[in-house]
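Please look over the structure shown here before reading on; a visitor and a guide will then discuss it.

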Amino acid sequence: MKTSFTVPTLLATLALTLAGRSATAQTVPAPVPDNEVFTPEQIGHALAAPTPGAGHAAASPENAPQDDGQWTMPSKNYASTRYSSLAELTPANVKQLQPQLSFSLAVIKGQEAAPIVADNTLYIVTAYPNYVYALDLTKPGAPLKWKFSPWPVPASQGVACCDVVNRGGSVSHGKYIFNTLDGQTIALDVKTGKPLWRTQLGNINLGESITMAPVVADGRVYVGNSGGELGVRGWVIALDENSGKLLWKGWNTGPDKDVLIGPQFKPFYTSDQGTDLGVKSWPPDAWKIGGGNMWGWISYDAELHMIYHGTGNPGPWNQEQRPGDNKWTAGIFARDPATGTAHWAYQFSPHDEHDYDGINEQILLDMPFGGHMRKVLVHLDRNGYVYVIDRTNGQVLSADPFGPVNSTKGVDLQTGRPIMNPDKVTKLGETIRDICPTASGAKDWQPSSFSPRTGLIYIPHENMCMDWMNEQVNYIAGTPYVGALVHMKPGPGGNRGAVTAWDPVQRKPVWRIKENFPVWSGTVVTGGDLVFYGTMDGWFKAADAKTGDILWKYKVDSGIIGQPVSYKGPDGHQYIAILSGVGGWSGAVVSGPVDPRDGSAALGMVSVMSDLPKYTTAGGTLYVFALPH
Amino acid sequence: MYSRFPTSLKRHLRRRGTPCAWGTVGKAVPLMCVGTIVALLTACNHGSPSGNAQAAAVPTTNIQGVIDSALEPGVNHTLITTDPRAGAYYDNPQAVNDGKRLFTQYNCSGCHSSGGGGMGPSLMDGQWIYGGRLEQIHQTLVEGRPNGMPSWGGKVPDQQLWEIAAYVRSLSLPQTLAAQNGPTPSQTPAPVPKSADQDTGWAPPPDTTNDYGTTLQGPAD
């Protein structure tokens, strides 16, 4: 293991010497050996054996209403299934799928947003400077209806940890609502593109930015902040949908009154019970600069009247500077949507040592477990486990690895805590090698989809590991607060990414598509049993939802890290839309001002992605596909 | 604004001597150019009964030869901004080593990694947005820059800013790049030679494969 860098290093140095000024990439390190990670049988646990006969996994009608053919929010519905019931496209005809139009976004940073379709208009928000475009789908070529430029303050680019991305907006009651990198939430009139209100939520001088997609439900807009790499204290805010005025703000660290923890707070596990744990589980005052940001997905539960949101990594990355559980970072909250009051909380990674944010999506399902139908949320965590959690009380029903894992040895279902692997504990001044999964996780923010037809979750994810050395770091407001030297590498097998079809009831993968690069795009699954996703080298693909066979692919102008959507056009036909534009954390070596010779650049990501510039260039384009008609 | 436009256009035309000298070559483009000018002048003189006739006459009359000036921006860099304080940090191994330590302590490494960048740009590729001389880097540290670089002036002892600037200047030196051993560059920074920042003005790149002198003179008969 310790010699894995030697040969690539010699080659890189030699090449550097020969090439002089030209940018010579590091050689991608050798993959971690297969036997470095645990098998699912070794570390997967469940409270009961699978009982698929007890019912059929599906989202409730409250959370996934009947499909109207639109796509008004990035998650498609409150249950976050990203399932389109449209079935014009099928495994039999998908080979005829053709591009219908493309549209340049005029921004060549990472495009992570979902195109939004409502009332025959398609809305896009770009990476910084967060242009918003509205395209008229009723006219040939979908001409521009309006464009809005929010002009975020340029300095916000300097506090965005991992490219200047934006994960999308939502249409609700005649408004397109989105966030800007410099910390605003803005509601535009969908007819005119003029702001109806704009509210400043974050302060870039503290390192705060906003990259997440706001969730609009029940007359409220839910927003969280980014900044886990800059010592920013995490929060979630609810705004009034009609005025943009603040309704409540729940901090994710600190005293109970800040976290909105009161008598109704009933966490399932003992270690989450007590007062002011958001203070006591930290060194003095460290919670004020301790991260726990909410830059990923919030699920609104229209059935149980709750929101569920994850919390990001604790800061700094150097865990030796913050002994304790560091509550409530790297976990999940259930909050009352009207008041923000916390009902339960749980930490996926208490005292996280590896940057395993807990902000990935939660899919709200009714699912057979232990012989009964249970109201669960399924969460695919950065730490590598599929968590099936009873969303009424926060109890973990099962936790199984879906990617390479050796940082932990499973989740103890009695205590809810991960069983740490002492061999992978990070240390000051010592490089701990081959930690799996890597800092960006077995899966990052890129959202999965769930089909009620197959009962499977289509997980776009990574297969990467890392070497990590802690470094002492000082807190300076508005600057990074990381304290780790990281070099990432491919996981076992060498394929850096995969799409896995996961059966949450049987707790196992049904099929897996291996990809050379991490799959940093979302997936969408359709009523025609097709799964769409994109690759970082610029292929947009359709797979058979039942078998995982690739049935169609199309090469676009730049790598894809966006969220595909499926909608019914004004002509009644099914369309698939996706943004190209490589970037994000994993693609910063192409879209960012990053040098491939520095393996530690972009928080260690360049080490494993230094060859991406050979495969793609920066771009930013909307593509829309349909069958010829 | 409209009333000023014809005047400046006339001046431009006089100076250049031809209505279509602004960077266009070929046969179709000059026609388009004339057409554009006519259209512009027509618009400018809107309201004057005889405006069109006057406008059309402008490009072909009043051309009085080349008016030139001694200004040649970008050709000869006179270092009038040289900061005498920079001198002590050239050829100074201690300065770059101290700068390396400070680069981490002040979280510069958080954005610029080990020189390869991340949240902030790469500092090892020799490409500079705000100037790459030691004193220019120092100025960037002092003032900050609009796309996210914080300003450190008055918050950190100025000597330390000079040391950080020396280290940053060192990262793209061939000597520093050649010393990279492993996936982490910039660990053994070379001192910054004074010659590295001496600007001798524009010259053809050293790696051109054909003689610029010949191109300038035209082919030999």
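The conversation below takes up a contact between chains, a sheet and a single residue.

This is a predicted model in which local features need pLDDT of at least 70, side-chain atom pairs count only at pLDDT 80 or more, and totals for chains, interfaces and linings use all residues. Residues are numbered from 1 along each chain as its sequence is written, while chains are lettered from A and ligands numbered from 1 in the order in which they are written.

Visitor: Which helix gives the most to the side of chain B that touches chain A?
Guide: Counting two residues as in contact if their C-beta atoms, placed from the backbone, lie within 7 Å, 32 residues of chain B touch 38 residues of chain A. Helices here are DSSP runs of H or I with at least four residues, and strands are runs of E with at least two, numbered from the N terminus. On chain B, α5 (108-112) and α8 (174-178) each supply at least two residues of that side, and the most, three residues, come from α8(B).

Visitor: Which strands stand at the edges of the open sheet in chain A?
Guide: Strands pair if DSSP finds at least two bridges between them, and the antiparallel order is β12-β13-β14-β15 (chain A). Each edge strand has a single partner, so one side of each is left without a neighbour in the sheet, and these strands are β12 (215-217) and β15 (246-251).

Visitor: Is Thr621(A) buried, partly exposed or exposed?
Guide: A residue is buried with 20 or more other C-beta atoms, placed from the backbone, within 10 Å of its own, exposed with 12 or fewer, and partly exposed in between. Because Thr621(A) has 18 such atoms within 10 Å, Thr621(A) is partly exposed.
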